[in-house]
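Got your viewer open? Load the model, switch to cartoon, and keep a selection box handy. We'll go stop by stop.

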Amino acid sequence: MKRFIGIGVLTTTILFIAAARTESAPVEQELINDLVVANHILAKQGVVDSFGHVSVRHPTKPDHFLLSQAKAPSRVTAEDIMEFDLDGNTIDGRGRPTYSERFIHAEIYRSRKDVNAIVHSHSPAVIPFSVTQIPLRAITHTAPFLASGVPVFEIRDVAGMSNLLVNDPKRGKALAETLGNNPIALMRGHGDVVVGPNLRRTVVRAVYTEVNARILWQALVLNTPITYLTPEEGTILENSYDNASKGHMTDRIWENLNEDPSLGLRPRSVRPSPAHSHPD
Ligand SMILES: [Zn+2]
């Protein structure tokens, strides 16, 4: 009898733990909306296309993160947002498909406690800098986060001949190691991963990485010596983002790029290029 009760308690305890582990924690609608808008901004700016994804660390469960179900970013809605653990398992999957490269997010959140949002994209203008000996460097004041240097992830080092996708934990961990403490790493022949302290700042970084790459390409065509931002200038500008007051820097850029009328924001008939918005 004693043994029976013991097993019963043990079973109950296991069930309780299992329930606790799989329970989805509530998230404020504002953050979900921002994640939806983030998907749409990245799509409209040409950073993501049919592929690519953006995630945010769970605000109250730091070992979980939020990411859309497998879907074209331009079509993502609030109902698509799912919760994952750091092994890439869904907490509230309900049979929905998942991005095969969710391990990028899982392993970077595991290794970088300072990172609260991640964009993975096939940002087209950065690709040349991932496959040539010309490094991606900061050339405009809107991309100061590039001034400290941009590492390039070579997936052959961890996976040999492969489909180039970071679709398992081993590859995700290797990418996180290449990223190190940097805000961005290029992925050879694939795209990049951009991280940041919050969702909006990370989206802004991803957008201006693409813009900077395009401007740098234009400067290289002129075939004269280029004056890049120095790491010191990069640090000064990054500090101005860190300490910006309401209505400046990231706020202003988000206001400019967010066009989603379904989330209570006014649509625009003419959208200025982000290259021309001044983050003062
Ligand atoms: Zn990819």
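Is K44 buried, exposed or partly exposed? Select it and show what surrounds it: K44 counts as partly exposed because it has 17 C-beta neighbours inside 10 Å. The scale used here calls a residue buried if 20 or more other C-beta atoms lie within 10 Å of its own, exposed if 12 or fewer, and partly exposed in between, with C-beta atoms placed from the backbone.

A word on the ground rules. This is a predicted model, in which local features need pLDDT of at least 70 and side-chain atom pairs count only at pLDDT 80 or more, while totals for chains, interfaces and linings use all residues. Residues are numbered from 1 along each chain as its sequence is written.

**The whole thing**

Zoom out for a moment. The protein has nine helices and seven strands; these are DSSP runs numbered from the N terminus, with helices being H or I runs of at least four residues and strands E runs of at least two. Of the 280 residues in the protein, 38% are buried. Residues 24 or more positions apart account for 67% of the contacts with a separation of 6 or more, where two residues are in contact if their C-beta atoms, placed from the backbone, lie within 7 Å.

**Helix α2**

Back to K44, which lies in helix α2. Colour residues 29–44 to see that helix. α2 has 16 residues and reaches 22 Å from its first C-alpha to its last, close to the 22 Å expected at 1.5 Å a residue (the expected span is 1.5 Å times one less than the number of residues). Now pick out its buried residues: D34, L35, V36, V37, A38, N39, H40, I41, L42 and A43. They pack against β1 (53–57), β2 (64–68), β3 (81–85), β4 (117–121), α7 and α9 (250–257). Just after α2, click G46, which takes a positive phi of about 75°.

**Across to α7**

Add residues 199–221, which form helix α7. If you want a ruler line, draw one from K44 to V207: they are 163 residues apart in sequence and 10.0 Å apart in space, C-alpha to C-alpha.

How do the two helices lie? α2 and α7 pack at an angle of about 5°, with their axes 10 Å apart. Axes are lines fitted to C-alpha atoms, for helices over the stretch in contact, and angles run from 0 to 180 degrees between N-to-C directions. That angle makes α2 roughly parallel to α7; the cut-offs are under 35 degrees for roughly parallel, over 145 for roughly antiparallel, 65 to 115 for roughly perpendicular, and oblique for the rest. Show sticks for D34, L35, A38, I41 and L42 of α2 and for L199, R200, V203 and A206 of α7, which make the contact. By class, that is seven nonpolar, no polar and two charged residues. Here Ala, Val, Leu, Ile, Met, Phe, Trp, Tyr, Cys and Pro count as nonpolar, Asp, Glu, Lys and Arg as charged, and the others, Gly among them, as polar.

**V203 and the core**

Stay on V203, which touches A38, I41, L42, V54 and V119, not counting residues up to four places away in sequence. The largest nonpolar core has 63 residues, and L42, A185, V193 and V203 touch the most other members. Such a core is a set of buried Ala, Val, Leu, Ile, Met, Phe, Trp, Tyr and Cys residues joined through C-beta atoms within 7 Å. The largest share of this core, nine residues, comes from α7.

**Further along α7**

Next, select E210, also in α7. With 24 C-beta neighbours inside 10 Å, E210 counts as buried. Leaving aside neighbours within four places in sequence, E210 is in contact with Q45, G46, V47, S123, A125 and V126.

**α9 and two loops**

Turn to α9. α7 and α9 pack at an angle of about 70°, with their axes 10 Å apart, which makes α7 roughly perpendicular to α9. The residues to show are R200, R201, V204 and V207 of α7, plus T250, I253, W254 and L257 of α9.

Two last clicks, for backbone fans. Most residues other than glycine have a negative phi. M249, in the loop between α8 and α9, has a positive phi near 50°. N223, in the loop between α7 and α8, has a positive phi of about 60°. M249 counts as buried, with 21 C-beta neighbours inside 10 Å, whereas N223 is exposed, with 7 other C-beta atoms within 10 Å.
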